[in-house]
Amino acid sequence: MAKLSIENIRHAAEVLREVARKTDMIFAPKLSAQADVWLKTENLQVTGSFKVRGAYYKISKLTEAELARGVIACSAGNHAQGVALGAQKRGAKAIICMPDIAPIAKIEATKSYGAEVRLIPGSYDDASAYAQRLCKERGMTFVHPFDDPDVIAGQGTVGLEILEQLPEVDAVFVPIGGGGLISGVAYAIKQLKPACKVYGVQAAEAASMKRSIEAQDKLTLLTANTFADGIAVKHPGDLTFETVQQYVDGIVTVSEDEIAAAILFLIEQRKLVCEGAGAVSVAAMIYDKVPELKGKKVCCLLSGGNIDVNILSRVIYRGLLASGRRAEIRLTLPDKPGQLAKVSEIVSQCGGNVVGVSYGPSGVDTALASCVLNLQLETRNFEQIGQIHGALEAHGYVLLR
């Protein structure tokens, strides 16, 4: 990591003035009852993600000869757009290799910056292997999404901005995929304000960095099954692993439902749209993953907003379930007229709202003259759901768990 220095990060900040915006720091008073929380809104960055910082800075340092040969990158979407924009600004050809499961919106956005997109069957790792081979064949410059000192320095400019916008910050939560963002942010913050804590957040189903740090050796996950595709990385980088070991105070994980609830919170309470990877920092605060922050000033870094609109409705529904705003109840009841009206009345008396109903035949373990009723409810919170359960059972209905 000899090339990474605070001077390097400051130089990156100067270079990035011509392309990246200084994103807002927004106070989020309803996010935590324990701490004062601010949101660093990189989801509102050019290209919708912090990735443009590292990609552009890397490309800005290439020679004219290197630019003439072009650049190549591998990405699930956000890094792709950053590299494509950087290459466009510097007049270089860009080939972006993306897994064929990448969201259509990210593919089209990458093409809109003038890059050639190649869709590779399989996962990110398959696309990366293809990009590396093509890079050697054509003599192009490979712009790594995270394991490169210049890329890390570019991402570190977010850390400089956090300290400038919130000098009194006590802790920062940063999403982790391959580790480029948290490496840059943690390095910058620890150089300038060592007392500030830096915590990484990963999806529980793709916690390659956390597991590697715990094992004190870089591990490769068999799978990385999370809808937070921007941080679905099976193996941490060499440089990022070393930097996280040295400068990061801890890593926590959040579940898929917790991420969905965080996305819902940001939409409802802050009017901000975040992708799964961008919302994990907020999920960590909502669910108190680091309890020793009472009374502290905390920054949650929203790393990106490029969510696939095709899954947004499903994510919102999962978020409603995870936060007790929706409930699904199954119960048995006699198969005769008037039963649905009685159940609906009980739910209504508890303040719930029935939004979906379906019937099914009884199973082998229930009475032959009964049926199974499935209800979808709008609710306020888990306490109200418990009240509805109790009221139904008090009237003799059998709930199926």
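These legends accompany views of a predicted model.

**View 1. The whole protein, with 15 helices and 14 strands.** The C-alpha atoms fill a box of roughly 80 × 45 × 40 Å along the principal axes. Of the 401 residues, 56% count as buried. Among contacts with a separation of 6 or more, 72% join residues 24 or more positions apart.

**View 2. The largest nonpolar core, built from 43 residues.** Helices α1 (6-16), α2 (51-60), α7 (149-165), α8 (180-192) and α10 (238-247) each supply at least two residues of this core. Strands β7 (171-175) and β10 (297-302) do likewise. The largest share comes from α8, with seven residues. In soluble globular proteins, nonpolar side chains tend to be buried together.

**View 3. Ile 162 and its contacts.** Ile 162 is among the four residues that touch the most other members of the largest core. The others are Val 169, Val 172 and Val 174. Neighbours within four places in sequence are left aside here. Ile 162 then contacts Met 25, Lys 40, Pro 167, Val 169, Val 172, Cys 299 and Leu 301. Val 169 and Val 172 thus appear both as contacts of Ile 162 and among the four residues named for the core.

**View 4. A second, separate core of 37 residues.** Its members include Ala 171, Phe 173, Ala 260 and Val 315.

**View 5. Surface and charge of the protein.** The accessible surface comes to about 16900 Å². Carbon and sulfur atoms account for 50% of this area. The protein carries 43 positive and 43 negative charges. The mean positions of the two sets lie 2 Å apart.

Methods
Residues numbered from 1 in each chain as written. Predicted model: local features only at pLDDT ≥ 70, side-chain atom pairs only at ≥ 80, totals over all residues. Heavy atoms only, no water. Core = buried A, V, L, I, M, F, W, Y, C linked by side-chain atoms within 4.5 Å. Buried < 20%, exposed > 50% of the residue type's maximum accessible area, 1.4 Å probe, protein only. Helix = DSSP H or I, 4+ residues; strand = E, 2+ residues; numbered from the N terminus. Contact = heavy atoms within 4.5 Å. Areas by Shrake-Rupley, 256 points an atom, 1.4 Å probe, with all protein chains shown as cover. Lys, Arg positive; Asp, Glu negative; His and termini not counted. Charge placed at Lys NZ, Arg CZ, Asp CG, Glu CD.
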